[in-house]
Amino acid sequence: MTKRVLVLGGGITGLTAALRAAESGLEVELFEATRRTGGMGGSMNERGFVLDHGIHGLYSARKETQPLVREMVERFGSDFLTIQKKTSIHFRGRYLKYPMGMKELFRALPLLTSARCVLDFVRTRVRGRLKDIGVAESFEHWVSDRFGHSLYEIYFGPYVEKVWGLPGTRMSSAWLARRISQISIATVVRRALKAIFTRRPPDEMHSLQPQTFLYPRLGSGQFVDRVRDGAVAAGAVLHEGWRVRGLRHDGARWSVELDTPEGPQTKTADAIVNSLPLPVLISLLGETVPPAVREAASGLRFRAMTIVNLFLERERIYGDQWVYYSSPDLPFNRINEFTNLAPGYSPPGRTALNCEITCFTGDATWTSSDEALAERCIASLERLRLIRREEVSGHSVARLPNAYPIFDVGCETRLDTVLRYLRQQPELHTAGRQGRFEYINMDECIWHATEAIAAIRSRASRVDEGARA
Ligand SMILES: Cc1cc2nc3c(=O)[nH]c(=O)nc-3n(C[C@H](O)[C@H](O)[C@H](O)COP(=O)(O)OP(=O)(O)OC[C@H]3O[C@@H](n4cnc5c(N)ncnc54)[C@H](O)[C@@H]3O)c2cc1C
């Protein structure tokens, strides 16, 4: 029995699902609302510049994804470059190496403040040894319990609030457990303190992000386009400009209602792979979803992002590929300069800055005109003495409504409610950054999609065996 699969969304998750499904003999169609597949992994290359939605290097953030990334690179990565990471952070008016070691942090602070942080840190560690610090619910508690409140106030708190738009007291510690536990900041702090006192260079900072990453020569869109071409070559049918607007199960099969350029259409299938944001998926399922699940889903929110590209008549601005800005007085929290990835990412003698500004959909930043956003960035960059406005020859703006899932306090319970409900639905698989509400990169999206198709296939073969028996 051939199974028919419909894939919702055409980012790297949806495209990988379409590729895997077609290659394993399943009939598959994919629906992407915009006119071009690729999602956040696609490129917006303009005027001879490679421009992505923020730097999109490919690497494995966890062991499980290593073979998949290797396979994808072997198949679709003939043009990948290996890039040595160069990053820094602008902190209290100074540019410091990033990831920032505590040694640099203390050097950037006045002596008394550094001393207060060290004392606070040591006191916190001693207290932690003497009594169980328990499970911290909020980001603020989690950091303060481990590194002391001074470091939280000075460094961690303001940056998190700027990026996520919520105070650390409202951010959950759960995402930290996933992102930071593997980094072991405590170890880093301990080593940095040792380095300061023994005057020996600190050991390399533990990081989830390796020091090298792979980058397609023409931008990350080149990679996702190749995955797309692979899916089409294997027999997947992709529809661009087709928006999913409803989803239901009649007890035997799924129906997907679509707005297409030729008008409304309905497609049916045995299985669905979703990569749309979880709250969207729940609203597509409509009134059949219990109110408690709908309420839980509506509490899963995303941080949006506007990306302002400034085209400059200058060879380069930074030596780094990206620079973090922690000051709340500056609109951007990170600026990427693709020129510094490798030669060829910008036309000769010119560069572009790719400024990431996080916001909420509908707020003053999100609804600002492109000109107003560009002006905010230019004025701030002038204030930092990085550029002169006469050097700016143009700009463009991209808007990402669902850049980061927001892990506020209580979101784990809401997420659990939604995922538990979805697991009860027959052959409905949800995958990817927004489809799982996880702060993950492309490697894990590829993994999710691969697992979803494997689950559909294994059920299909069980059904086949049952029919033959
Ligand atoms: C600033 C930034 C930097 C990043 N840096 C990296 C990095 O260095 N390395 C890395 O690996 N990852 C990085 N990521 C993460 C990476 O972008 C994501 O993990 C990945 O692109 C998510 O892919 P996806 O397919 O799950 O979602 P998306 O790419 O968002 O795809 C979902 C698709 O669904 C479509 N859609 C939405 N609604 C509908 C509808 N109703 N009907 C049909 N289609 C619909 C959307 O148009 C979109 O194309 C970064 C992300 C951001 C925001």
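**Exercise 1. Between which domains does the ligand lie?**

Solution. Start with the shell. In this predicted model, 37 residues surround the ligand, counting a residue whose C-beta atom, placed from the backbone, lies within 6 Å of it. The closest are Gly9, Gly11, Gly39, Gly54 and Gly432. Next, assign domains. Domain 1 (4–41 + 220–299 + 409–468) and domain 3 (302–405) both give residues to the shell, so the ligand lies between them. The bounds come from an automatic or database domain assignment.

Residues are numbered from 1 along each chain as its sequence is written. Local features need pLDDT of at least 70, side-chain atom pairs count only at pLDDT 80 or more, and totals for chains, interfaces and linings use all residues.

**Exercise 2. How do the shell residues divide by class?**

Solution. Count 16 nonpolar, 16 polar and five charged. Ala, Val, Leu, Ile, Met, Phe, Trp, Tyr, Cys and Pro count as nonpolar; Asp, Glu, Lys and Arg as charged; the others, Gly among them, as polar.

**Exercise 3. At what angle do the axes of H11 and H13 cross?**

Solution. Take H11 (residues 291–298) and H13 (residues 411–423), helices being DSSP runs of H or I with at least four residues. Their axes come within 8 Å and cross at roughly 130°. Axes are lines fitted to C-alpha atoms over the stretch in contact, and angles run from 0 to 180 degrees between N-to-C directions. H11 and H13 are therefore oblique to each other: not under 35 degrees (roughly parallel), over 145 (roughly antiparallel) or 65 to 115 (roughly perpendicular).

Notes
Helix = DSSP H or I, 4+ residues; strand = E, 2+ residues; numbered from the N terminus.
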